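Open your viewer and keep the selection box at hand. We will go stop by stop, and each stop says what to pick and what you will find there.

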Amino acid sequence: MAYLVLARKWRPQYFADLIGQEHVSQTLANAIRSGRIHHAFLFTGARGVGKTSAARILAKALNCETGLTDQPCNTCSSCTEITSGQGMDVIEIDGASNTGVDDVRELRENIRYMPSRSRFKIFIIDEVHMLSTNAFNALLKTLEEPPEHAKFIFATTEPHKIPITILSRCQRFDFRKIPLAKVAVRLREISTAEELTISDRSLGLIARQGEGSMRDALSTFDQVLAFSGDQVEDEAVQTLLGMVDRRLLLDTVEAILQRDSRRALESAHRVDQLGLALRRFTQDLLEMFRGMVICKVVDEPAELLDMVGDELKVLKLLAEDASLEDLQRIVTLLMKTQLELVNSNSPLLALEMSLVRLATLAPSQDLGKLISHIESLERRLTSAPLPTYRPQAVPKAPAAEPPPPKKPEAPVATTTDSKRWQGLVDMVKQSRPMLGSVLEHGRPLKLEAPILDVGYPKGSFMIGQLQEDDIRHDLEALATEYFGTTIKLKVSMVDAEAQDAPKSLVETRQEEETDRMRRLREDAVEHPALKAVQDVFGGRIKKVIPIDKGFV
Amino acid sequence: MTFDQILGHDRQKEILSRSLASGRLAHAYLFSGPDGVGKRLMALALARAIVCHEQRGCGNCLACRKIDHQNHPDLHLLEPDGNSIKIEQVRSFQKDLHLKPLEASRKICLIEEADSMTVGAANALLKTLEEPRGDTLLILLTAHPNRLLETIRSRCQPLPFTRHPNSRIQAQLEKQLGIDSTESHVLAALSEGSFKKAFGKDRELYLDKRRKLLKTLTGLSPGSILPILDFAEQISADKTVLPDILEIFQAFYRDVMMILQGRGDNHLVNLDLKEKIHRVSGRENIASILAKLEALIEVRRQLDRNVNRQLAMEVLLLKLAA
């Protein structure tokens, strides 16, 4: 006897073995128990989720010699015949090979005769979507009112190809994709029964490879066993499945986010050298970015992502620095790349181009930010005192000597300080957008020549970021360039509620926003037309809603 | 050909020979990987190892020689008839599979270019592929596994083949053809990991003609249309060579992109044209080079769909010269 692959050897033989399809097996078992058995069933669902197996189990249950049962015995001659596919009364037809109307006519001839031994004559038509239109139509009358001894079971992966007239005559069962955890549990059962040594992690990887299909997972499992025998090492599984090293992935993600196209290309080169599947790599990369998008929009992302604690943490950290718009654009571009890779003549080039493109994407601007920026510009133009004041103010400042010694300890930054701070942040943003946005959240406590003191609310993760050596080093270098003297960076914690500390740029912006709302309200209340309305009708103002989203 | 005589693919060899030794050979395999990396050789080597009278694919016994000459009664080949494998072919093939093997212990079936099966043919194969007779071994070969039906893929044990590293092809080229290292580097890089391509008939195209083509290409200027149209006519004349020419262009612009990204010279394909690449990279930027590569990829896709060749080339060259 030749070796049977695991998927065939472990084909489910009882309803209980149908993993992940409890909704189907329970309905069928109940139907059998109560004797309300429809005469035509349609099983649909993705590949390898148990359609054909369910059809055979149902056939056994209907024809078992122990009587109509939801627990076929698997020992009687009827059951064993079905298992080996030789049953006289259970006719398994390959719908894809017998597609014509003549095949259906033959079936109709056949159906008139009583079953030879068993209770029912059961026709299992697998891959039924391949029947021709005429064949389907020839089947309609028979399917609607078959003889009492006949049952039909159709199985297909593509229910949309089946005419509605057929669909309406069948009881339809949609098989689901099998959840990862359940596949892993089943794999564990099989590996125990086959006396194999394999870690849970490897089983998880294999299960993931199946993408919800039991047979795919088992085919992969076979491949792994063929490679490493009965003792399966984690490493062997990883190399065999072409798993992309997490480190390499993170590196690529970082390179893309930091717009370092050279490093991104280096990753592509390494992937190619390691002989990894490029599609696989793109897929994994896409999943990383998808994870980051989810981290951005969902508070508890763990449920939506099957990832372990450490990975999730890294992902969250990466996501903090990137804007949602950027991430979404990256995801869109990667999805396009993935499609291109399928049919590409030179996949490596396609991947390289895509990485370069991702790494050279111009940072997208949040529309709201842009608008508020224009608003503040406009306000400065209209409401601020004449700009000619400023050049005068600057020379005056050094002349006024007495004030500085007055409050040497006060952390409040002067107006010039806040302007210098704004200038520094703008400059940092130009060269290091992410670092710039970190600074935007900081409060400039002190800006005096050798020391730059930036405050963050207690517990902010940005403190940790600024304390990293290379980031601090970069920032100091930029600040030195800006101020013209050597600058030391100091990061301190401030009370989030403290009022005396200077505001961070983000906070100022928010305040300006509320300020605008207040003025809008005042304007509206003072409006003569509104006053007239109030006078005539004697109404009361409940709420003021700005109708524009734009400018004052 | 025994396993040992096949270059590279150590893991695949190991998997197959181990499964053979332990009797765990699956009933259906899907060998996937780029064209010309040795999938067919591997399949035939496996066939020989199975039928061989000495159980090792010796190459001397009658059975092995029959495999080599492809007249072994238990070796079935299914090849595209014209552009695709048709349903009638699959049906007659299935009829053969119902019979017992004649000489060997198993019937071995090779389905070449499995992705060229029509939808009907692929579906007709499904039931056979899932549960064939006990003594059947089906091997599907394809360069584009993603074009196969999911239901087909899920029924086979996957065995992916990877490209050969350029260094291996380069070494073989130098050993067997005695060409110098620059030429062998260019050939190896353009072959994209495929021995078939590297040793193919187009060596002259890839070496001398490439220089001429690239010289004309870089000499084009957006101002003068006539030379562009002439060149388009010239390269679109021969349908069979056109994809290779486009590949040459593509490799050249990829080199330019690499230089623009500051990658070292050892990542280049056209090692002998370094000077030209540097010169072209001087007048390009990332956006323009990406646009050109995009145009090349687009035109290759269009050629698969039977567009007017000359028109496509004219449009392409206008874009490249811009």
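## First stop: a histidine in a loop

His149(A) has a relative accessibility of 10% and so counts as buried; buried means under 20% relative accessible area, exposed over 50% and partly exposed in between, with a 1.4 Å probe and protein chains only. You are looking at a predicted model, where local features need pLDDT of at least 70, side-chain atom pairs count only at pLDDT 80 or more, and totals for chains, interfaces and linings use all residues. Residues are numbered from 1 along each chain as its sequence is written, chains are lettered from A and ligands numbered from 1 in the order in which they are written, and side-chain values use heavy atoms, with hydrogens and water left out.

Where does His149(A) sit? Its place is the loop between helix H6 (133-144) and strand S4 (150-156) of chain A. Helices (H or I, at least four residues) and strands (E, at least two) are DSSP runs, numbered from the N terminus. Now show the surroundings of His149(A): beyond its neighbours within four places in sequence, its contacts (heavy atoms within 4.5 Å) include Ile111(A), Tyr113(A), Pro115(A) and Phe120(A). Draw a distance from the side chain of His149(A) to the backbone oxygen of Tyr113(A), and you should get 3.2 Å.

## Second stop: where the two chains meet

Colour by chain and select the interface. Here 54 residues of chain A are in contact with 53 residues of chain B. The size of an interface is often given as the accessible area lost when the parts come together. For chain A and chain B the buried area is about 4800 Å², with carbon and sulfur atoms giving 48% of it; this is the accessible area (1.4 Å probe) that two parts lose on being put together, summed over both.

How many salt bridges does the rule find across the interface of chain A and chain B? There are 12, a salt bridge being a side-chain nitrogen of Lys or Arg within 4 Å of a carboxyl oxygen of Asp or Glu. Several elements of chain A each supply at least two residues to the side that touches chain B, among them helix H3 (51-63), strand S2 (90-94), helix H10 (214-228) and helix H13 (261-273). H10(A) gives the most to that side, with nine residues.

Zoom in on Lys127(B) and Glu92(A), a salt bridge whose closest N and O atoms are 2.5 Å apart. This pair crosses between chains, running from helix H5 (residues 119-130) of chain B to strand S2 of chain A. Lys127(B) is buried at 14% relative accessible area, whereas Glu92(A) is partly exposed at 30%. Both belong to a network of salt bridges that also includes Arg11(A), Arg56(A), Arg215(A), Glu130(B) and Arg155(B). For another pair, select Asp272(A) and Arg163(B), whose side chains meet in a salt bridge at 3.0 Å, N to O.

## Third stop: salt bridges within a chain

Over all chains, the structure holds 49 salt bridges. Select Arg263(A) and Asp251(A), which meet at 3.5 Å, N to O. Arg263(A) lies in helix H13 and Asp251(A) in helix H12 (residues 246-257), so the pair ties together parts of chain A that are 12 residues apart in sequence.

Next, hide chain A and pick Glu298(B) and Arg301(B), a salt bridge with the closest N and O atoms 3.1 Å apart. Why are these two separated by about one helical turn? They are three residues apart in helix H14 (residues 286-304) of chain B. Glu298(B) is partly exposed at 32% relative accessible area, and Arg301(B) counts as partly exposed at 34%.

While chain B is alone on screen, look over its fold: it has 15 helices and five strands, and buried residues make up 55% of its 322 residues.

## Last stop: two backbone angles

Bring chain A back. Most residues other than glycine have a negative phi, and most peptide bonds are trans. Asn74(A), which is not a glycine, has a positive phi of about 65°. Asn74(A) lies in the loop between H3 and helix H4 (77-84) of chain A and is buried, at 18% relative accessible area. Arg259(A) also has a positive phi, of about 55°. Look for Arg259(A) in the loop between H12 and H13 of chain A; it is partly exposed, with a relative accessible area of 27%.

Note on methods:
Polar contact = N/O pair within 3.5 Å; in protein donor to acceptor, adjacent residues only side chain to side chain.
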